[in-house]
Amino acid sequence: AMSSSQLCCLRLLLRRPFSPLPAVSIRITRCVSSRPGVSSTTTAKNRMRRASARPSDARKDVRRQGLFHPGNMKHFVKEIGKLGRARKVHDAVELLNEMKLRRVPPTAVVYNSLMCELGRQGDVKQTFKLYNRMKKHGLVPTDRTYTGLFTACSRTAPQGRKQLDNLLNEISMKEISLSLVTCNAAIQALSRHKCTPEALSMLDRMEEQYGVLPDVVSFTFALQACYQDKEDGASLAQVVWIDMESRGVRPDLCAYNEFIRACKSSPRVEHSDVDTERLLPPVVPFGGVGALVRHMNSNRVKPDIRTFHELCGLIDGDSKAEGELHAAMSACGIRPDVAFMNAVIHRKAESGDLDLAFVCVNFEVCTSVCRQVSCLCFHSLCLQG
C-alpha cells in the first residue's frame with residue numbers, strides 16, 4: 001500500500017503532459033552513446049556543431065510553409081528555360097513573378113535567359129524592364145545580359161533607338177568591358193538602326209578598348225552598316241573589306257554577299273577614282289564576275305543564288321555582262337530561281353529591252369519558274385508600254 005504522499009506524487013505525474021523524444025533522435029542518441037571509444041566530450045562537440053548548422057527559425061517557418069526548398073531554384077530555372085525555348089516568354093515572365101511570391105530569389109542566369117528570348121522576339125520594352133528589375137535586385141549584369149539587350153534593339157528597329165542610345169551611354173560611362181559576341185551584337189544593332197559611323201567606330205574600338213579581335217561576323221555586320229549609307233556606302237565597304245583582308249580574316253559567303261550588296265547601295269565608282277590593285281575582291285565594276293568567283297574559290301567559298309542575285313543589280317545591262325554572269329552560274333552549278341529572274345526582267349524592262357523570250361531561253365528557265373515570273377513580266381511590260 002502507498003502512503004498519501006506517494007499517491008499525491010503519482011497524481012501529479014499523471015496530470016503532467018508527456019512529450020516523448022522523436023524515435024529518430026532516440027535512435028541517434030543510442031547509436032552515438034553506444035559506440036565504443038567515443039567520449040562524452042566528443043559527443044557534446046558534435047551536438048554543438050549540428051546545432052550551429054541548423055537553419056534559423058525564419059528559414060524553418062519558410063520550409064514548413066512549403067515556400068522554399070533546395071530544389072525550387074533548379075525547378076524554376078528548368079521550367080523558365082523550357083518556356084523560353086518554346087517561345088512562351090510571357091508565360092516565363094509570369095513564372096518569374098511566381099518566384100517572388102514563393103520567396104525564391106531569381107539569379108542572373110534566370111534573367112539572362114529571359115532577356116535573350118525576349119530579345120529574339122523583339123520585345124524591347126519587356127527586355128529592358130527585366131534589365132532594370134535585375135539591377136534593382138542587386139544582381140550584376142553579365143556579358144550575356146548586354147548581348148540580349150543589343151539583340152532586342154536590333155530586332156525592333158527603328159523603335160528601339162532610344163534604348164540603344166541609353167545602353168551605349170551606360171556602357172561608356174561605366175567603362176564596361178564587352179566580349180566579342182556582345183561587340184558583334186552591338187554592331188548589328190547599330191547597323192539595323194542605320195548608324196553607320198557608330199557601327200564602324202565600334203569595329204575600330206574592339207581591339208583597343210575591349211581587347212578583342214574582330215572576326216568575320218564583325219566585318220559582316222559592318223558591311224551591313226555600309227549598305228545603309230546611300231551616299232558613301234560603296235567606298236566605306238571597300239575600306240572595311242581592305243581592313244578585313246589586312247587583319248588576315250578570311251571572308252565567308254555572308255561577307256561576300258554583304259560586300260556586293262553594299263556596293264549597290266550608292267552610285268558606282270569610276271575606274272579612275274579607285275585603286276584597283278587594292279580592291280579585293282574585284283567586284284564587277286573592277287574586274288568582272290569571273291574574277292569575283294575566282295577570288296571566292298581561293299578562299300574556299302562557293303557562291304550561292306543570292307550572290308548572283310546581288311551581282312545582277314551591279315553588272316552592266318549589255319548582253320556580254322549577262323552572258324558572263326550566266327556562264328559563272330553554270331560553272332558553279334546554280335540554276336536561277338524566281339527572285340533572280342524577277343530581277344533580270346525588271347532590269348530589262350527599265351532599260352527598254354522587252355525581249356523576255358530571249359531572257360528565258362538564255363537562262364534555260366524551267367516551265368515552273370516561267371509561270372511564276374510571267375505575272376511580273378507582264379506588269380513590267382505594261383509599265384514600259
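Let's start just past helix α16, at arginine 300, where phi is positive, near 60 degrees. This is a predicted model, so keep that in mind as we go. Backing up into α16 itself, the helix spans residues 289–298, and seven of its ten residues are buried, so the rest of the structure largely encloses it. Those buried residues are Val289, Gly290, Ala291, Leu292, Val293, His295 and Met296.

Next, hop over to a helix pair. The axes of α8 (residues 124–136) and α10 (residues 161–174) come within 12 Å, crossing at roughly 30 degrees. Angles under 35 degrees count as roughly parallel, so that is what α8 is with respect to α10. The crossing of α8 and α10 is left-handed. On the α8 side, the residues that do the meeting are Val124, Phe128, Tyr131 and Lys135, while α10 brings Gln163, Leu167 and Glu170. Sorted by character, the residues of this contact come out as four nonpolar, one polar and two charged. As for the spacing, an α-helix has 3.6 residues a turn, so residues three or four places apart point the same way.

Last stop: aspartate 215, which sits in the loop between α12 (196–210) and α13 (216–228). What is in contact with aspartate 215, once neighbours within four places in sequence are left aside? The partners are Leu180, Asn184 and Val249. With asparagine 184, the link is a side-chain to side-chain polar contact at 3.4 Å. The aspartate 215 side chain also has a polar contact of 2.8 Å with the side chain of serine 218. Valine 181 is 34 residues away along the chain, yet its C-alpha lies 9.8 Å from that of aspartate 215. Aspartate 215 is partly exposed, at 23% relative accessible area.

Conventions:
Residues are numbered from 1 along each chain as its sequence is written. This is a predicted model: local features need pLDDT of at least 70, side-chain atom pairs count only at pLDDT 80 or more; totals for chains, interfaces and linings use all residues. Side-chain values use heavy atoms; hydrogens and water are left out. Axes are lines fitted to C-alpha atoms, for helices over the stretch in contact, and angles run from 0 to 180 degrees between N-to-C directions. Helices (H or I, at least four residues) and strands (E, at least two) are DSSP runs, numbered from the N terminus. Angles under 35 degrees count as roughly parallel, over 145 as roughly antiparallel, 65 to 115 as roughly perpendicular and the rest as oblique. A crossing is left-handed if the near helix is turned anticlockwise from the far one by less than a right angle, and right-handed if clockwise. Contact means heavy atoms within 4.5 Å. Ala, Val, Leu, Ile, Met, Phe, Trp, Tyr, Cys and Pro count as nonpolar, Asp, Glu, Lys and Arg as charged, and the others, Gly among them, as polar. Buried means under 20% relative accessible area, exposed over 50%, partly exposed in between (1.4 Å probe, protein chains only). A polar contact is a pair of N or O atoms within 3.5 Å; within protein, one must be able to donate a hydrogen and the other to accept it, and residues adjacent in sequence count only if both atoms are side-chain atoms.
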